[in-house]
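Subject: Structure handover

Dear colleague,

Please find below the structure we spoke of handing over. My notes follow it.

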Amino acid sequence: MGPSTSSASAPSSASASSSVSAPVASADTPGRSPRSFPAPETSRRARTRRWLASWRRRDTRAAYAFISPWIIGFLALTAGPMVASFVLSFTNYDGIGATRSVGLENYRQLFEDPQVATSMANTLLFALMRVPLSMALALALAMLLLRVGRAAGFFRTVFYLPVMTPSVAVGILFLLLFNGNVGLINTALGWVGVDGPSWTTDGAWVKPGLVLTTLWALGSTVVIYLAALRAVPQDLYEAAELDGAGRWQSFRHVTLPQISGAVFFTLVVNTIAALQTFDEAYTAFFGTSNAQTYSHEAALFYVVYLFQQAFQFMHMGYASAMSWLLFLIILVITVIQARLSRRFVYYEGETR
């Protein structure tokens, strides 16, 4: 009984030990088939089935019902016109007669039209002057509001009210304030012995005057910066003060990094707005017969020239090509800003 028992138990123990010592099969083991994953088509079908199944839920249908006005508006007022303008950019269309395909002729003409280059140069120069100045002034006002205390709400409203002013009224205001002879700006400069320039007739001063006029409506940027400044942790300032940092060093190493996300957002938004400037310049220099001056060349912004081609000369196809060129320029500038922001923008919680 003893030998038979030991001989019977030996194979079982050997098999147990072999099963314990057997290597676990993996995808990298030679001779073994790798772990299989679902095909992309299968995963897409699964996602589609889950999306269709979600429509059975009442909250899903309610959510889409709430956002349906935006979806309809986007398709009808944004996506649809964009597709139509892209098609028209390859045609010769005057808004009345039939369209006639011209291929890439409109796009070739963009590089031959000297007014396109002039208007784009005016627009870029205007953006380079307006965007940094408006952001710096808005940040300074936001930091002042941060120190006001309880009255910050009142002043925040006061600074934001000009944003609601129609831009056409701002263009008329430009003519009243910056008139070289009887304007309020030159009158005030005369009180301190400064002979003011001809803002509306001297081509060198047209764009600076328009920049100063558009600063009237920087309240939205001020509100964004004020919210970002209030979110900066106070213990960071206390730590910087313990390390011997002054006001400028605290602003540079604490405030700016903490609000860099808001600064980047306003940079992108203000740049796009500056490149699409139209109302103030058109109202002041092209809208009425009383505004006809010899400084049109300096005030001819890209969107103003696009508007003239579309609705004054009825070159709808050419204007559509101009609009797509502007879209590509804005897209390239925005992508460059986004790439550069990776070095300077700090988001709380991110790991580098």
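What percentage of the 352 residues in the protein is buried? Buried residues come to 31% of them. Please keep in mind that this is a predicted model.

Overall make-up

The protein has 17 helices and two strands. Its exposed area is about 22500 Å², of which carbon and sulfur atoms supply 65%. Among contacts with a separation of 6 or more, 66% are between residues 24 or more positions apart.

Charged groups

Side chains of opposite charge can pair when their charged atoms come close. How many salt bridges does a search of the whole structure find? It finds two.

One of the salt bridges joins the side chains of Arg57 and Asp59, with 3.0 Å from N to O. Asp59 has a relative accessibility of 45%, so it counts as partly exposed.

Another salt bridge links Arg108 with Glu105, and here the closest N and O atoms are 3.0 Å apart. Both residues belong to helix α4 (residues 105-110); because they are three residues apart there, about one helical turn separates them. Arg108 is partly exposed, at a relative accessible area of 46%. Glu105 is also partly exposed, at 35% relative accessibility.

On the surface there is also a patch of positive charge, where Arg45, Arg47, Arg49 and Arg50 gather. Of these, Arg49 can be placed in helix α2, which covers residues 40-54. Is Arg49 buried or exposed? Its relative accessibility is 53%, and the cut-off for exposed is over 50%, so Arg49 counts as exposed.

Nonpolar surface

Trp51, Leu52, Trp55, Tyr64, Phe66 and Ile67 make a nonpolar patch of about 640 Å² on the surface. Which helices each supply at least two residues of this patch? They are α2 and α3, the latter spanning residues 58-88. The largest share, three residues, comes from α3. Leu52 is a member of the patch and is found in helix α2. Helix α2 therefore holds Arg49 of the positive patch as well as Leu52 of the nonpolar one.

Two individual residues

Val163 sits in the loop between α6 (152-160) and α7 (167-177). With 30% relative accessibility, Val163 counts as partly exposed. Leaving aside residues up to four places away in sequence, Val163 touches Ala217, Gly219 and Ser220. Val163 and Ser220 are 57 residues apart in sequence, yet their C-alpha atoms are 7.0 Å apart in space.

Ser250 belongs to helix α12, residues 247-258. Its relative accessible area is 11%; buried means under 20%, so Ser250 is buried. Which residues does Ser250 touch, not counting those up to four places away in sequence? They are Tyr237, Ala240, Ala245 and Thr255.

Regards

How values were computed: Residues numbered from 1 in each chain as written. Predicted model: local features only at pLDDT ≥ 70, side-chain atom pairs only at ≥ 80, totals over all residues. Heavy atoms only, no water. Patch = residues over 30% accessible without salt bridge, like charges linked within 9 Å, V, L, I, M, F, W, Y side chains within 5 Å. Areas by Shrake-Rupley, 256 points an atom, 1.4 Å probe, with all protein chains shown as cover. Salt bridge = Lys/Arg side-chain N within 4 Å of Asp/Glu carboxyl O. Lys, Arg positive; Asp, Glu negative; His and termini not counted. Charge placed at Lys NZ, Arg CZ, Asp CG, Glu CD. Helix = DSSP H or I, 4+ residues; strand = E, 2+ residues; numbered from the N terminus. Buried < 20%, exposed > 50% of the residue type's maximum accessible area, 1.4 Å probe, protein only. Contact = heavy atoms within 4.5 Å.
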